[in-house]
Amino acid sequence: MARRTRSNSTKPINLALQGGGAHGAFTWGVLDAILDCPEVEIAGMSGTSAGALNGAAVKSGLSRGSRALAKETLEWVWQQVGAITDERVAPWLDMISPQAVSAAIETSLPFAVSDSLSRMVSPYASGPFYQNPLAAIVEQFQYDHVCCDAGPAFYICATNVRSGKIRIFSGEEIGPDAIMASACLPTLFRAVEIPDPATGKLEAYWDGGYTGNPALFPLYAPDLPRDVIVVNINPLYRDEVPTSARAIQNRINEISFNTSLLRELRAIEFVQRLLFQGALSDGAMKDVLIHMIADDELMRQLSVGTKLVATPQVLYQLRAAGHAAGDAFLRDHFDDLGEESTVDLREMFQ
């Protein structure tokens, strides 16, 4: 941690937590590393799908003034998903490569059958037997802590099925339905219906990743800091062009769930260019500082299969990789927080 400069004051940051099913365990590790750093204060969070789940866990602890409670709630959430956190088991969990687990899932008959059925059979066909497995987890959150004004500002993104527009939930709007809406894959789960506060009409919502993965614009509020750290769990780039049917579907999934993020980053780059050229006066638009924590090398070994099927081995490896990536970012870029972006958006969009 040689480059970190300690000071008497903390550095406030915003976190943008991407969705990606069980791969959200990577974000769990990143958040653990950030919560372990007392010199960094989480001022705002925007989360989608697994990012919303992680954000709710962190908010419920920090709103009570406790980083330890935030870490404990995160661990509890992922234990419910299937993670094993007993360090005595860790050496066994690390023996199998994530790529081998991914291949085993994708070539298994049960996965092939369930994947085919999801493309042919609607989740509405299950009638009274329908159940969303996420409900058992999100219903146990203490929403008086998740929705309160204390702690970081917290936003959740979902997609309105009828209009195709993004909806941001915040404050008292956040509840079990909002989190399940943010994580609602339409081929697996029925749309989650939530009343529109303006009209009172029930609106149906799907996964927020289609319109904001995650949504960055709520973090541009004047009372929030300039720094936005994006925790990215969908690889932006792959060297190899996919040729198998499964690899093609996997890359389509990654591109689809990165599109909204790239669109917002391009808009930020455009504003930064206008500010640099003097086309916009200082203060006309917020000059956001963008950072990113990711491990594309690991994520390229995984697939849609490991997003949908939570396995203890992969969850353990993702958490460890996330913690290492979070530590590395704080070590290398702590001094950049509040000063400059560590992502070169101009180069990204050349």
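Which helix gives the largest share of the lining of the largest pocket? In this predicted model, that is H10, with 7 residues.

**The pocket**

The largest pocket has a volume of about 1,400 Å³. Its lining counts 49 residues, and those closest to the centre are Leu185, Leu188, Phe189, Lys307 and Leu308. Several helices chip in: H2, H3 (67-81), H6 (109-120), H10 and H12 (304-308) each supply at least two lining residues.

**Two of the helices that line it**

H10 and H2 are worth a look side by side.

| Helix | Residues | Number of residues | End-to-end C-alpha distance | Expected span |
|---|---|---|---|---|
| H2 | 50-62 | 13 residues | 18 Å | 18 Å |
| H10 | 245-277 | 33 residues | 46 Å | 48 Å |

For H2, the distance between the end C-alpha atoms agrees with what 1.5 Å a residue should give. H2 is also well tucked away: 13 of its 13 residues are buried, so the rest of the structure largely encloses this helix.

H10 reaches close to its expected span, yet there is a kink in it of about 40 degrees, centred on Thr259. Right after H10 comes Gly278, with a positive phi near 80 degrees.

**The strands around S6**

Strand S6 (residues 202-207) has a partner in S3 (residues 153-160); the two run antiparallel and are joined by 3 bridges. If you want a spot to find this pairing, go to Thr159, whose bridge partner in S6 is Trp206.

S6 also pairs with S5 (residues 192-195), again antiparallel, through 4 bridges. Here Pro195 stands opposite Leu202 of S6. The hairpin made by S5 and S6 has 6 residues between the strands, and in it Gly200 takes a positive phi near 80 degrees. As a general reminder for anyone tracing side chains here, those in a regular strand alternate between the two faces of the sheet.

**The cysteines**

How many disulfides does a search of the whole structure find? The count is 0. Take Cys147, which is in no disulfide: the nearest cysteine sulfur belongs to Cys148 and is 8.0 Å away. A disulfide needs the two sulfur atoms within 2.5 Å.

Are Cys37 and Cys147 buried or exposed? Cys37 is buried, with a relative accessible area of 1%. Cys147 is buried too, at 14%, since the cut-off for buried is under 20%.

Terms used. Residues are numbered from 1 along each chain as its sequence is written. This is a predicted model: local features need pLDDT of at least 70, side-chain atom pairs count only at pLDDT 80 or more; totals for chains, interfaces and linings use all residues. Side-chain values use heavy atoms; hydrogens and water are left out. Two strands pair if DSSP finds at least two bridges between them. Buried means under 20% relative accessible area, exposed over 50%, partly exposed in between (1.4 Å probe, protein chains only). The expected span of a helix is 1.5 Å times one less than its number of residues. The bend at a residue is the angle between axes fitted to the seven residues ending there and the seven starting there. On a 1 Å grid over the protein atoms alone, a cavity is a set of points where a 1.4 Å probe fits but cannot get out, and a pocket is an open set with protein on both sides within 12 Å along at least five of seven lines; lining residues have an atom within 4 Å of a point. Grid points are joined across faces, edges and corners, and a volume is the space filled by probe spheres set on the points.
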